[in-house]
Number of protein chains: 2
Amino acid sequence: MPKVTEAHREARRDEILAAAQRVFARNGYRGSSVPMIIKESGLSAGAIYSYFDGKEVLFRAVVERTLELKSSQFASDPDSDPRSPGELMQQILQGMQGEPILTIAPQIWAEAAVEPEIRAVLSQVFERLTSMLRTELTAWADTHPDRTGADPQAWAARITPVLFSAIPGFILQRLTLDDFDEQAYLDALIDTYPH
Amino acid sequence: MPKVTEAHREARRDEILAAAQRVFARNGYRGSSVPMIIKESGLSAGAIYSYFDGKEVLFRAVVERTLELKSSQFASDPDSDPRSPGELMQQILQGMQGEPILTIAPQIWAEAAVEPEIRAVLSQVFERLTSMLRTELTAWADTHPDRTGADPQAWAARITPVLFSAIPGFILQRLTLDDFDEQAYLDALIDTYPH
DNA sequence: GTCTATAATAGGATAGAC
DNA sequence: GTCTATCCTATTATAGAC
C-alpha cells in the first residue's frame, strides 16, 4: 500500500470531518443534512459516502474528533506545579471562547440522551476528564492540607463531580444568556473552591 | 363560545402535549416524528394538525410546558426559613429522579443552540431560575454574614451562576455515567458551599 | 372535530460513468 | 477516487369524507 495514497486519504478524511463540524456547529445535528456537508466540503456525494457510511457515522466521527481535540488540551504537564481548582477551570474554560464546541457540545449531549453509541463516547470522555481533574486536585490538595482536610484523595473525589459541572454550566449560560459575564463566572469559581 | 367546548379543547391540547413529551423523551427531538406522536396520542393526523402546526410548534409547546412545570416547583415559600445553597440544590435536584426532564433537557439545550425561538424560551427560564436562586441566597446570606461576608447581595450575585451550573452538571452526569452517585453529589454540593 | 387516504418533498443512499 | 444522476424511503402536511 503506497504511503502517499494513505496520507492523502487521511487528509481528505479530515477535510470532510472539518466541513461536517462546521455544518453541525451552524445547524445542529438535526438541522444538518448530508447534502449540506457535501456542499460545504466541495466534494460530491459519492466521495463523501466512500469515506463515511452516512450522517450518523459522520456525526460520531465529528464527536470523537471534537472531544479528543478538546480533552487533549487539558492534559497535565507533569513538570509544572499542581493547579488549584480555579486555575484548572480557568484553563479549561478559556479554551472555549467562541469555539464551535459551544454549539456542538449540546448536540452531543442531546444525542447521548437517546443513542447508546454516542453516550458511550461521551461517557468515556467524561471519565477521562473527571479522572484527570481528580488526579490534579489530589496533587494540589496534597500540598494544601490546611485548605482541603486530612485526606486529599477523598477530598478530590468528592469535589470533582461538582467542579466538573462548571463546564456544562459555563457552556449553557454562555450560549443562552446575552449578558453572561465570563470573567465574573471564573472569578466566582476561584472564590467558591479552596485557593 | 360554549364553555364545555373550550375546556374540552384545552384538555385535548394537553393530552396531545403529554403524548408528545413522552415521545420526545424516548427518542429525542431529532428521533421523533409526527406519526409517532399521532400513534402515542391515539388520535389521528388531522386531529393533531388541527391543534398544532407541526413538529416544531409541538416541540416548542412541550418545551414551554416542561420548563414551566419544573420551574414552578421551585418557587420559594415566603413563610419558611431561607434555604442554604445545599438545601436549595437538594430540593431542585431531587425533583429529577428518573423524570422525562433528564432526556428532554438536553434536547432543549441542543435546539436552543441553533433555534433563536427555543433559545429565547430557555433564556427566560434560566433568568427566572437564577433570579429565584439569587433572591433565596441573598436572604440566607443575610442571616449568615459570618459565612458569606459583609455584602449578602454581592455574594449571592457572584455565587448564583456557579451554583446554577450544578443543575446541568447533575443532569449530564446522571445521564451519562452508569455509576454516578447522586447522593455523593448532593453531599459534595453542601460541602462546597457555605452551610 | 376527527378520521383515512394521499399528495408533496426532502433527505439518505447507491449505481454506473469517467 | 471522484463525479453525476437517480432511486427509494421516511416524513411532513393536507384534502375531503364522516
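## Ground rules

A polar contact here is a pair of N or O atoms within 3.5 Å; inside the protein, one atom must be able to donate a hydrogen and the other to accept it, and residues adjacent in sequence count only if both atoms are side-chain atoms. This is a predicted model, with local features needing pLDDT of at least 70 and side-chain atom pairs pLDDT 80 or more, while totals for chains, interfaces and linings use all residues. Residues are numbered from 1 along each chain, chains are lettered from A in the order written, and side-chain values use heavy atoms, leaving out hydrogens and water.

## Strand C

Take the phosphates to begin with: a polar side-chain atom of Arg12(B) sits 2.7 Å from a phosphate oxygen of DNA strand C. Ser44(B) does likewise at 2.5 Å, and Tyr51(B) at 3.1 Å.

Around DNA strand C there are 16 residues (near means a heavy atom within 4 Å). Sugar and phosphate make up 62% of the strand C atoms within 4 Å of the protein. α3(B) gives the most to this surface, with four residues (helices are DSSP runs of H or I, at least four residues, numbered from the N terminus).

## Strand D

Over on DNA strand D, 17 residues surround the DNA, and Arg9(A), Arg12(A), Ser44(A), Tyr51(A) and Val34(B) come nearest. Arg9(A) puts a polar side-chain atom 2.8 Å from a phosphate oxygen, and for Arg12(A) the side-chain distance is 2.7 Å. Val34(B) uses a polar backbone atom instead, at 2.9 Å.

Here α3(A) is the top contributor, with four residues.

Terms used
Helices (H or I, at least four residues) and strands (E, at least two) are DSSP runs, numbered from the N terminus.
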